Amino acid sequence: MTTRLFHISDVHFGVEDREALAVVADAVAREKPDAVVCTGDVTQRATHRQYAAAAEWFSALEAPVWIDPGNHDMPYRNLFERFTDPYRRYRKLAGKVAGSFESDDLVLVPLKSTVRAQGRFPWSDGVVTRKALERTLSRLDQLKGDPRVIVVTAHHPLLGPEDSGPNPTIGGNRAFAELVAAGADAFLSGHIHQPFDMQRERNGQSARMIGAGTLSTRLRHGEPPSYQVITIERGGKIDTELRRVGALVRQTSQAGS
C-alpha cells in the first residue's frame, strides 16, 4: 500500500491562476489523492475576501486538506490584528476546510516558520523560533518508534538552495538538524515559487526536501504554475512527480529517504 499526496503551495488567492486551480481541482476529482497538502501563502494580502475565495475552493476539493500558514497569510493593513492575533483569519479557514492527516504509510507534522515581525526587512523570509521548533519536536517525540514515514510541513524551506550559500530562513539550519535527529524523514515546503526535490544532510544525517511551486500569477524565473504528486510507502520510499500546468513536460524522480 502507498499514500499519495497532491502538494501545492503559494496559491495567493487575490492573484491566483484560475486555470491552474481548475487543473488541480479536476486532477483531485479524477485521481482521488489521499490528501491535498498546501504549504502556505493561501492568500495574497490575507483579506476577508481572499480567505473567502480560498475557503470556497478548498471546500470543493474531494479530498482531505492540510494547510500551513505562510507569510502572506497574516494581515498586511490591519496592523493591530497582525500584532495581537495574526493567525485569526488563517485559523478560521483551517477550521472550515482542513485537519490533521496520517495514514498507514505516513504522518504529517506541522512546523511554523512564520512570525508576525522580525528584525529585518522585508518580513517575508522564514524564522523558526525555539518555541515553534519545540512544539514540532514534542510531536516527533510522541512518534518515536513509529514505522511510518514522518513528513514535516512548513511554508519556508529550512535550508538555502546551496550549503555553501546563505540560508534565508533564520533558525533553519538548527531546525533541520534537530528535526532529522528526532526522526523526520522528509520536509515539504513552498515560498520560493519554484519546485525542487533534493536530499540534504546536516551532522551526518539526511532527509528529503521537497518544494512545490506556485498556483498563482506571481511566477519567477520562467517557472510556470506547478504542483507535486508525492507517493509515499511505509519503509521510506518517496516518489515525486512534478506537474507543470500548461506545459507538455512532466518531470519525475524517484529516491528513497
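Strand 6 (186-189) and strand 8 (205-211) run parallel and are joined by 4 bridges. The structure is a predicted model in which local features need pLDDT of at least 70 and side-chain atom pairs count only at pLDDT 80 or more, while totals for chains, interfaces and linings use all residues. Residues are numbered from 1 along each chain as its sequence is written, and side-chain values use heavy atoms, with hydrogens and water left out. Strands (E, at least two residues) and helices (H or I, at least four) are DSSP runs numbered from the N terminus, and two strands pair if DSSP finds at least two bridges between them.

In the pairing of strand 6 with strand 8, S189 stands opposite G211. Strand 8 is also joined to strand 7, here by 7 bridges and in antiparallel orientation, with D197 opposite I210. Strands 7 and 8 form a hairpin with 2 residues between them, and N203 in the turn has a positive phi of about 55°. Of the 7 residues of strand 8, 5 are buried, that is, under 20% relative accessible area (1.4 Å probe, protein chains only; exposed is over 50%, partly exposed in between).

These strands belong to an open sheet of 5 strands with the order 4-5-6-8-7 and mixed pairing. Strand 4 (106-110) and strand 7 (196-202) are at the edges with a single partner strand each, so one side of each lacks a neighbour in the sheet. On average, neighbouring strands are turned by 25° against each other, direction ignored; axes are lines fitted to C-alpha atoms, for helices over the stretch in contact, and angles run from 0 to 180 degrees between N-to-C directions. Strand 4 runs parallel to strand 5 (residues 149-153), and 5 bridges join them; V107 stands opposite I150.

Two helices pack on the sheet, touching strands through contacts (heavy atoms within 4.5 Å). Helix 5 (residues 130-142) touches strand 4 and strand 5, its direction making about 160° with that of strand 4. Helix 6 (residues 172-181) touches strands 5, 6, 7 and 8, at about 115° to the direction of strand 8.

The largest nonpolar core has 32 residues, and I8, F58 and I67 have the most contacts inside it. Such a core is a set of buried Ala, Val, Leu, Ile, Met, Phe, Trp, Tyr and Cys residues joined through side-chain atoms within 4.5 Å. Among the elements giving two or more residues to this core are strand 1 (3-8), helix 1 (18-31) and helix 2 (48-60). Beyond its neighbours within four places in sequence, I8 is in contact with residues including V24, V36, W57, F58, L215 and Y227. Another core, of 22 residues, lies apart from the largest one and includes L133, L137, A175 and V180.
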